[in-house]
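Me: Please take a close look at one loop of this model and then place it in its surroundings. I would like one connected account, with the limits of the prediction kept in view.

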Amino acid sequence: MKEYEELSHMEPVNSQEGRQPCYVLTHHAVFKETSTTTRTRVVFDGSAKTSNGLSLNDIQQVGPTVQQDLYSIVLWFRTHHVCFTADIAQMYRQINVHPQDRDLQRILWRYSSDKHIQEYNLTTVTYGKSSAPYLATRCLKKLADDYKCQHPRCAHMLSNDFYVDDLISGTSTIEVAIKVQQEISSLLQTAGFTLRKLASNQTTFLDNIPRELQETQQTLSLDNEDGVTTLGLLRNPTNDQLQVKKNITQVQSTNSTASTKRKVLATTASIYDPLRLLSPAVSAYNMFLQKLW
């Protein structure tokens, strides 16, 4: 939260100003030990109901889908000889919200229990609002439209190889990959976006990337939560493999030894397979669950 204030991603509310209609976002911290960058995140809840029974998300327009579907992006990714993945650092928080709308992103906060509670307005696009994904992806679309004549290849990548803030792309040669990475990083930087956590199946490509912009976890282990994730899939950059982690052992190792329908459902739901490559196995689970019910 201190970082939010230092980066002007939130600002104190001036008590002298006239009271405008506002919406107070509830928020809490989420800890993710496996993250290689931000292990503590702030999550805001735009779905909390107000006194009139509506939430901010209830009255927002979510906007249309402007990016390719996940299936197409991952499938196209598998056609490249030189593959690389990355994401945009704090993408939502690099996009300003109009000052007139910031009262709808109000939060209550104090740094210690012996201080008074203060009111702040969040100044940037906030994760937890239903319109946030569209606002963020529309910025990438706008960037691609503005530079499609000067940088057609990068514009195509912005439009087709991004899923929200995740880049999953590639080229036919290492030389082209290095050039494209440099071009798209510079292009994104003009909009305040920093491309980071780069991983690739080619070490020669990574040798041209500053160490601080590389994914620190370049190996993959299915025995724990570590590893490079690509749109929710586990990826081994060295072997250029997309892998799915099975959580059957984890589910079975709970305190209770009894098998329940809840455990079967949890096991089935834990299998994330956007390409539907594991459909025969997942179908068997689903049929068994249906038989139980």
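Reply: Gln90 lies in the loop that runs between β4 and β5, the latter spanning residues 106-109. In this predicted model, the phi angle of Gln90 is near 45 degrees, a positive value in a residue that is not glycine. Most residues other than glycine have a negative phi. With a relative accessibility of 28%, Gln90 counts as partly exposed, because that category covers values between 20% and 50%. A positive phi also appears at Val164, at about 55 degrees, although Val164 is not a glycine; its place is the loop between β7 (162-163) and β8 (166-171).

On one side of the Gln90 loop is β5, which belongs to an open sheet of three strands in the order β1-β6-β5, paired in the antiparallel sense. In this sheet, β1 (10-12) and β5 stand at the edges with a single partner strand each, so one side of each has no neighbour in the sheet. From one strand to the next, the twist averages 35 degrees. The pairing of β5 with β6, residues 118-122, is antiparallel and extends over four bridges, and Arg106 has Asn121 of β6 as its bridge partner.

After the sheet comes the loop between β6 and α3, where Ser131 is located. Ser131 has a relative accessible area of 8% and is therefore buried, the limit for that term being under 20%. Setting aside residues up to four places away in sequence, Ser131 touches Gln60, Gln61 and Val62; for Gln60, the separation from Ser131 is 71 residues in sequence but 6.7 Å in space, C-alpha to C-alpha.

On the other side of the Gln90 loop is β4, and this strand leads into the largest nonpolar core, since β4 (82-88), α3 (132-146), α4 (152-160), α5 (174-189), β9 (195-200) and α6 (203-206) each supply at least two of its residues. That core has 33 residues, of which Leu158, Phe162 and Leu188 touch the most other members, and its largest share, seven residues, comes from α5. Leu188 shows how distant parts of the chain meet: leaving aside neighbours within four places in sequence, its contacts are Ile88, Leu140, Leu143, Leu158, Phe162, Phe193 and Leu195. Apart from this core lies another, of 10 residues, including Met10, Tyr23, Ile107 and Leu122. In soluble globular proteins, nonpolar side chains tend to be buried together.

A further loop, between α8 (261-269) and α9 (279-292), holds Ser270, which is partly exposed because its relative accessible area is 27%, a value between the 20% and 50% limits. The side chain of Ser270 reaches the backbone oxygen of Thr267 at 2.7 Å, while Val244, 26 residues away in sequence, is 10.0 Å from Ser270 in space, C-alpha to C-alpha.

As for confidence, the chain averages a pLDDT of 85, and 87% of the residues score at least 70. Over residues 219-226, however, the pLDDT is below 50, although this stretch has 19 contacts in the model beyond near neighbours in sequence. Where pLDDT is low, the predicted coordinates should not be read in detail.

Notes. Residues are numbered from 1 along each chain as its sequence is written. This is a predicted model: local features need pLDDT of at least 70, side-chain atom pairs count only at pLDDT 80 or more; totals for chains, interfaces and linings use all residues. Side-chain values use heavy atoms; hydrogens and water are left out. Buried means under 20% relative accessible area, exposed over 50%, partly exposed in between (1.4 Å probe, protein chains only). A polar contact is a pair of N or O atoms within 3.5 Å; within protein, one must be able to donate a hydrogen and the other to accept it, and residues adjacent in sequence count only if both atoms are side-chain atoms. pLDDT is the predictor's confidence in each residue, from 0 to 100. Contact means heavy atoms within 4.5 Å. A nonpolar core is a set of buried Ala, Val, Leu, Ile, Met, Phe, Trp, Tyr and Cys residues joined through side-chain atoms within 4.5 Å. Two strands pair if DSSP finds at least two bridges between them. Axes are lines fitted to C-alpha atoms, for helices over the stretch in contact, and angles run from 0 to 180 degrees between N-to-C directions.
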